[in-house]
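Subject: Structure for your files

Hello,

Here is the structure I said I would pass on. Please look it over before reading my notes underneath.

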Amino acid sequence: MFRRGEPVPFAFIAEAESFQSNVAPPPRTRPSRLRIAGRALGTVLVLAGLGAAALLGAPALDPHQQGSVGSQHEEAARTP
């Protein structure tokens, strides 16, 4: 296996966590009521779209669906 030529200064790596920056990040601004309402409306729209897709797509996934196109073709092929 390949070995490194010079040793790794583990003491320096261990001390690196003790250094801290003296620059404070800017304070977070509170979102306005309009922004909160917009996020809530977007969430409701996404959830409504997923619910509608599930409701409209559920009948297509039903294996015991009567009158499907495949069964009509099979019945037409049987009759002379």
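Below is what was found in it, starting with confidence and ending with one surface feature.

The model is predicted, and the mean pLDDT of the protein is 77. A score of at least 70 is reached by 55% of the residues. Confidence depends on the element: H2 has the highest mean pLDDT, 96, while helix H3 (residues 69-78) has the lowest, 57. Where pLDDT is low, the coordinates should not be read in detail.

As for the fold, the protein has 3 helices and 0 strands. Read from the N terminus, the order of elements is α-α-α.

On exposure, the protein has 80 residues, and buried ones account for 0% of them. Its accessible surface is about 8,400 Å². Carbon and sulfur atoms contribute 63% of that surface.

One local feature may be worth a look. Val 46, Leu 47 and Leu 50 form a nonpolar surface patch of about 320 Å². Leu 47 lies in helix H2, which spans residues 33-57, and H2 is the element with the highest mean pLDDT. Leu 47 counts as exposed because its relative accessibility is 56% and the cut-off for exposed is over 50%.

Regards

Conventions: Residues are numbered from 1 along each chain as its sequence is written. This is a predicted model: local features need pLDDT of at least 70, side-chain atom pairs count only at pLDDT 80 or more; totals for chains, interfaces and linings use all residues. Side-chain values use heavy atoms; hydrogens and water are left out. Patches are made of residues with over 30% relative accessible area and no salt bridge: like charges are joined within 9 Å, nonpolar side chains (Val, Leu, Ile, Met, Phe, Trp, Tyr) within 5 Å. Accessible areas come from the Shrake-Rupley method with a 1.4 Å probe; for residues, only the protein chains shown count as cover. A salt bridge is a side-chain nitrogen of Lys or Arg within 4 Å of a carboxyl oxygen of Asp or Glu. Helices (H or I, at least four residues) and strands (E, at least two) are DSSP runs, numbered from the N terminus. Buried means under 20% relative accessible area, exposed over 50%, partly exposed in between (1.4 Å probe, protein chains only). pLDDT is the predictor's confidence in each residue, from 0 to 100.
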